[in-house]
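Please work through the exercises below with the sequence and the coordinates open beside you. Each task is followed by a solution in steps.

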Amino acid sequence: MQDHDRLSRRAVVLGLAAAAAPVRPSHAGGPALRFGLTPVFLSSDLELLDRLKAYLGQATGRTVELVTRRTYQEITTLLVSGELDAAWICGYPFVSFRDRLALVAVPVWRGRPLYQSYVICEAGREAAGLVDLRGDVHAFSDPDSNSGFLVTAAELAAMGERPETFFSRTLYTYGHRNIVRAVASGLAASGSVDGYVYEVLREVSPELVAPTRVVRASGWKPFPPVACPLAFEDTPGTTALREALLAMPKDEDGRAVLSMLRLDGFTVEPAGFFDPIAEAADAVRRLG
Amino acid sequence: MRISAGRALPLAVKIPLLVACLMVAVGVVASERVLARLQEAQERQLADLKDAYLDGLSSSLVDPVLRADPWEVFDILDRASGLYAAVRPLDTIVLDGAGKVLAASDPRRHPIGSDPPRGPAGAAVDDALVDEESGRAYAGRVLVVEGREVGSILVAIDAAPILEERRQVMWTLLVSNGAVTLGAAALGWFAVRRMVSPLNILNGRLERALDGRAEPIPDEDIAGANTETGRLFRSYNALARGLAERDALLAKAAEEERLASLGRLASGMAHEINNPLGGLFNALDTLKVHGEREDVRRSTIDLLDRGLRGIRDVVRSTLATWRADREPRAFRQADLDDLALLIRPEVARKAVDLEVAGRLEGEVPVDAIRLRQVLLNLALNACRAVPEGGAVRISLVADRDALAATVDDSGPGLPEEADRILAGTAGAGADRGGLGLAITSRMIRDLGGTVTAGRSPLGGASIRVTIPLRHRPDLEARDVA
């Protein structure tokens with residue numbers, strides 16, 4: 001209900017903005033490029049958002065509007081419904097809506113478009129693997145997150161367990177950073193966290209990460225991609241966005257954004273690149 | 001001066017003590033009021049802070065509590081601990097509808113799903129409960145949505161700074177009140193000491209005046225012309241001068257009395273000398289006529305000798321009594337004999353039956369001249385008091401410690417006034433007898449003795465003089481002159 005209000009309000013605002021387009025200061029003609037961001041990365045960093053917005057605007061020649069939401073689901077819904085031109089989403093929602101979404105680009109981290117999922121616990125705790133965490137209060141990032149939910153759930157499914165029964169209680173923090181906070185504060189005994197975010201945090205907020213340790217790191221998984229609605233796959237806007245992302249390492253502003261994100265750049269991968277996530281999702285679904 | 005023990009504390013102590021007591025009482029009452037007001041203000045402040053904190057929390061917590069979302073609850077609590085730094089929340093616990101912990105600011109102490117703590121920390125009371133021992137205040141708030149209880153917030157607030165402030169205020173009050181009280185007491189002590197110092201001077205003067213040495217206060221000691229002290233000192237000086245004048249008058253009167261008694265005795269003494277003179281002339285005639293007879297000559301010369309000796313005795317004792325340039329010497333039997341000799345004319349005139357009893361062995365260390373005058377005065381008074389043919393008895397006893405002289409008479413007894421004059425409590429009367437008694441009584445006191453009057457077995461008055469003996473070297477081994 002609330003979201004609907006917000007959406008319709010935004011529709012009105014957009015309509016007004018479109019009507020006022022000639023007097024509105026913008027980089028170029030055409031409607032604004034609406035780019036959605038999930039809490040995959042450190043979305044709270046306002047400077048990062050400003051730099052990203054500036055770079056994309058300059059590189060695409062379009063006015064860029066960055067849209068952030070609390071949950072993956074909200075952004076995914078906006079994207080699938082065409083409210084957004086593109087969004088940086090998680091691999092899990094991407095495979096869930098594969099028939100309605102298309103890939104724009106995949107980030108490259110430490111030379112590969114891959115990352116891991118970590119299960120973390122308190123630094124002093126003795127636990128060798130997931131099995132030692134039975135009965136914990138466990139923090140997941142988001143029910144639609146690959147690294148923050150699906151990887152751990154799939155591993156449990158392989159053991160014939162479900163998160164709700166394996167753990168005494170699960171909770172969602174809607175942010176990987178919050179997983180670290182929840183485990184560090186003791187609210188949760190363990191948590192599933194994005195390995196990329198955890199490594200970046202280790203660098204930028206060592207004091208936050210210090211009370212925690214990695215119990216187990218998963219295998220390498222496809223990095224959360226930038227996707228667009230299937231219908232926009234070959235529009236000039238999407239093409240411009242893809243080129244802007246791929247060209248980031250060549251541009252000074254782009255490099256600044258990449259260095260803040262600790263990414264090397266973007267690459268193009270085939271849609272099948274995300275099949276392992278689809279398999280994991282199927283395994284979990286089968287057990288549920 | 002005898003003063004009861006309760007009043008023995010001097011004013012310089014009593015008044016500062018009183019001031020200190022009053023200050024302490026005022027301090028205690030004022031401090032109690034200040035502390036009570038402080039506590040009220042602090043509790044109001046605490047309640048305001050707690051309300052602001054709980055109001056803020058409950059509005060943002062209702063949704064996540066309804067959704068049973070521990071992370072968001074924790075996130076809100078975590079952010080609130082920074083936002084509400086003034087409240088100093090130590091521990092905040094949010095309970096779900098079932099009364100279990102949904103999330104707490106310290107999840108390790110209150111894990112998700114655990115039971116809330118017991119005691120004041122676990123009671124969702126609306127008023128802040130201050131636990132002075134732990135320095136914590138506890139409060140709570142029930143989260144209600146559409147009339148239904150969906151959960152509650154419990155908070156432990158750090159009350160230590162408030163309690164510390166209270167303690168500090170109490171100590172400040174205690175120390176400052178103590179200092180003010182001590183200061184006031186010291187000030188009071190100095191002030192009162194200054195105020196009573198003239199009284200102490202006056203007191204010293206009065207005590208000396210009681211010993212018979214009334215001296216005026218020198219002018220430089222009299223402070224202001226118009227102060228109370230100045231007036232008091234001047235009044236005392238007037239009194240001292242009056243006393244000195246009275247003493248001078250009494251001394252003069254004593255001298256006159258001495259001369260008067262000489263006058264009273266003069267005719268008697270003339271008689272004493274004249275009587276033997278007739279016999280002596282007869283003896284001379286006898287010698288002229290029968291001088292060649294050995295036996296007559298011898299007996300006549302004996303007669304002459306006795307007569308001349310009698311005259312010599314009378315003259316000598318008179319001289320001993322009235323000669324002015326005398327040095328003090330001890331009293332002895334000869335003085336007592338002289339006394340009998342001196343009053344013989346008076347005794348003979350009224351045909352009084354006189355008895356002088358007692359014998360002194362050696363010298364008695366009492367100023368002989370004064371004692372002779374005392375005894376002479378008393379004896380003459382007795383002779384005057386008794387009717388023709390009455391009886392007077394003088395007795396004298398001395399031992400190591402005291403000399404006691406008693407003059408009894410068969411007269412009609414002393415008038416009432418005389419008792420008081422003798423005791424020295426009445427002023428000198430106008431009549432001669434009164435003045436004589438007063439002078440006598442004063443002489444006795446000068447000798448350090450006492451005088452009492454009573455009824456005599458002879459029928460009249462009995463006046464007893466007691467003089468304690470202090471061995472005075474200046475009175476020993478001195479000739480009668």
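The exercises that follow concern a predicted model.

**Exercise 1.** Determine which secondary-structure elements of chain A supply at least two residues each to the side that touches chain B.

*Solution.* Begin with the contacts between the chains, where two residues count if their C-beta atoms, placed from the backbone, lie within 7 Å; by this criterion 11 residues of chain A are in contact with 10 residues of chain B. Next, assign the chain A residues to elements, which gives strand S7 (137-140), strand S8 (169-172) and helix H7 (176-185), each with at least two residues. Finally, sort that side of chain A by residue class, and it divides into six nonpolar, four polar and one charged.

**Exercise 2.** Identify the residues with the most contacts inside the largest nonpolar core, and the helix that gives this core its largest share.

*Solution.* The core has 115 residues, and those with the most contacts inside it are Ala227(A), Val94(B) and Ala103(B). Its largest share, seven residues, comes from helix H5 (residues 146-158) of chain A. Now follow Ala103(B): leaving aside neighbours within four places in sequence, its contacts include Leu187(A), Val94(B) and Ile112(B). A second, separate core of 39 residues includes Leu375(B) and Met443(B).

**Exercise 3.** Describe how strands S11 and S12 of chain B are joined.

*Solution.* Strand S11 (residues 450-455) and strand S12 (residues 461-468) of chain B run antiparallel and are joined by six bridges, and Thr452(B) has Arg464(B) in S12(B) as its bridge partner. The two strands form a hairpin with five residues between them, and in the turn Gly459(B) has a positive phi of about 115 degrees.

Conventions
Residues are numbered from 1 along each chain as its sequence is written. Chains are lettered from A and ligands numbered from 1 in the order in which they are written. This is a predicted model: local features need pLDDT of at least 70, side-chain atom pairs count only at pLDDT 80 or more; totals for chains, interfaces and linings use all residues. Two strands pair if DSSP finds at least two bridges between them. Helices (H or I, at least four residues) and strands (E, at least two) are DSSP runs, numbered from the N terminus. Ala, Val, Leu, Ile, Met, Phe, Trp, Tyr, Cys and Pro count as nonpolar, Asp, Glu, Lys and Arg as charged, and the others, Gly among them, as polar. A nonpolar core is a set of buried Ala, Val, Leu, Ile, Met, Phe, Trp, Tyr and Cys residues joined through C-beta atoms within 7 Å. A residue is buried if 20 or more other C-beta atoms lie within 10 Å of its own, exposed if 12 or fewer, and partly exposed in between; C-beta atoms are placed from the backbone.
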